[in-house]
Amino acid sequence: MPTLSAQFKLNITSPCLLALPTGHIPQVSLEQGAFKITAKLIPTFEISKGKDDNFWTTALDRIEITVSRIETHAPPSAIIKPDGTKDLTSLCDYFNMLLPDYKSVALTISNLILHYFRYSLFTPLVRHIPAWDNSLNNPTWLDDSGEKIQDGNYMMVVEPIPGLMGELASKKLTLDKIHDLDSFLKNPSEPTLTEMLLSDAQTAWFEHSLRRSVLELAICAEVMVKRCFFNQSSPAGAAFDYLEDKAKISVRVLELLDSVAEEAFSRSYKKEHPSYYQNIDHLFRCRNKIAHRGELTFRGDSGKLINTNAPLVETWWNTVANLKEWLEQL
């Protein structure tokens, strides 16, 4: 029985950053049911190299995924017409019958790779490849020996590079993280609500939507803190939900991070990270201004009105990321 392979060349419209040796093309392999999959991450031209960088930064240009499976029937041969031309009708029908299964696997794995960049490397503006992407309909088909049976085609896309300078914890795929990517592909997991909110806040920041970024960050902080203190499955969580539903209790996040945390865990975020604690305070003040008046401002401790800008929201994003790590240690 022959082994058939479909090689997909999928364009990336989201700039995922790589920092690898020149000429190194990262590759991961895995199995999914009857399919064997190899994914190559093809970089584009060199973009930048800082004085402290070991390698040039490049962007992920496309993902080349080869999906292989043992088939019960070999591809039919092309029919040679009397005039010497080839009739490929039966061959095309054969590939069209098999394409949906191969296409589905290629789409799943390519989007898991992009998922890894978005949630593990904090790559901004990552977009999944849609199921209707034309590249999925034009693979190159290969036989057992890797020889082409039928060609596909693809086009190249060049996009801007947000996150190039490491803004909002944006990371690059480095040699030491390829193993993590390989492990993730074999055991993928859904992002938590916290990870999704952080990612959405990051995306809003890169899209210059600061008000939305602030709102997402404030929601993320509140969700993290209250879930940590009032787990739904615990008696305390059930009691808190009951009292809150009856409007008999209202606990501020800042109180939970200081006196309540010290009582419950013998630790205080305010005492351990005073500057970050102040950032959380300012974040919620700004959130309230946005919610009540739609204004991207807040009043500082002196009462002075402060205009919120991109660098300040970036500081708040890093603070919420730090708070996430702190809460996970409790």
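The lining of the largest pocket comprises eight charged, four nonpolar and three polar residues. The structure under discussion is a predicted model. The pocket itself encloses about 270 Å³ of space. Among the 15 residues that line the largest pocket, Arg252, Phe284, Arg285, Arg287 and Asn288 are the closest to its centre. Three elements each give two or more residues to this lining: helix H4 (210–229), helix H6 (253–265) and helix H8 (274–293). The greatest contribution to the lining comes from H8, with eight residues.

The aromatic residues offer a second route through the model. There are 11 aromatic pairs in total. One of them joins tyrosine 102 and tryptophan 141: the ring centres are 5.2 Å apart and the planes lie at 70°, and because an angle over 60 degrees counts as edge-to-face, the pair belongs to that class. This pair links distant parts of the chain, since tyrosine 102 lies in helix H1 (residues 89–119) and tryptophan 141 in strand E8 (residues 140–142), 39 residues apart. Both tyrosine 102 and tryptophan 141 are buried. Together with Phe35, Tyr94 and Phe95, the residues Tyr102 and Trp141 form one aromatic cluster.

Between H1 and E8 runs a loop, and threonine 123 is placed in it. Is this residue, threonine 123, buried or exposed? Its relative accessibility is 3%, and because the limit for a buried residue is under 20%, threonine 123 counts as buried. When residues up to four places away in sequence are left out, threonine 123 touches Pro15, Cys16, Phe117, Arg118, Lys171 and Gln202.

Definitions and conventions
Residues numbered from 1 in each chain as written. Predicted model: local features only at pLDDT ≥ 70, side-chain atom pairs only at ≥ 80, totals over all residues. Heavy atoms only, no water. Phe/Tyr/Trp six-rings, centres within 6.5 Å; stacked < 30°, edge-to-face > 60°. Helix = DSSP H or I, 4+ residues; strand = E, 2+ residues; numbered from the N terminus. Buried < 20%, exposed > 50% of the residue type's maximum accessible area, 1.4 Å probe, protein only. Contact = heavy atoms within 4.5 Å. 1 Å grid on protein atoms, 1.4 Å probe; cavity = no way out; pocket = protein on both sides within 12 Å on 5 of 7 lines; lining within 4 Å. Points joined across faces, edges and corners; volume = space filled by probe spheres on them. Nonpolar A, V, L, I, M, F, W, Y, C, P; charged D, E, K, R; others polar.
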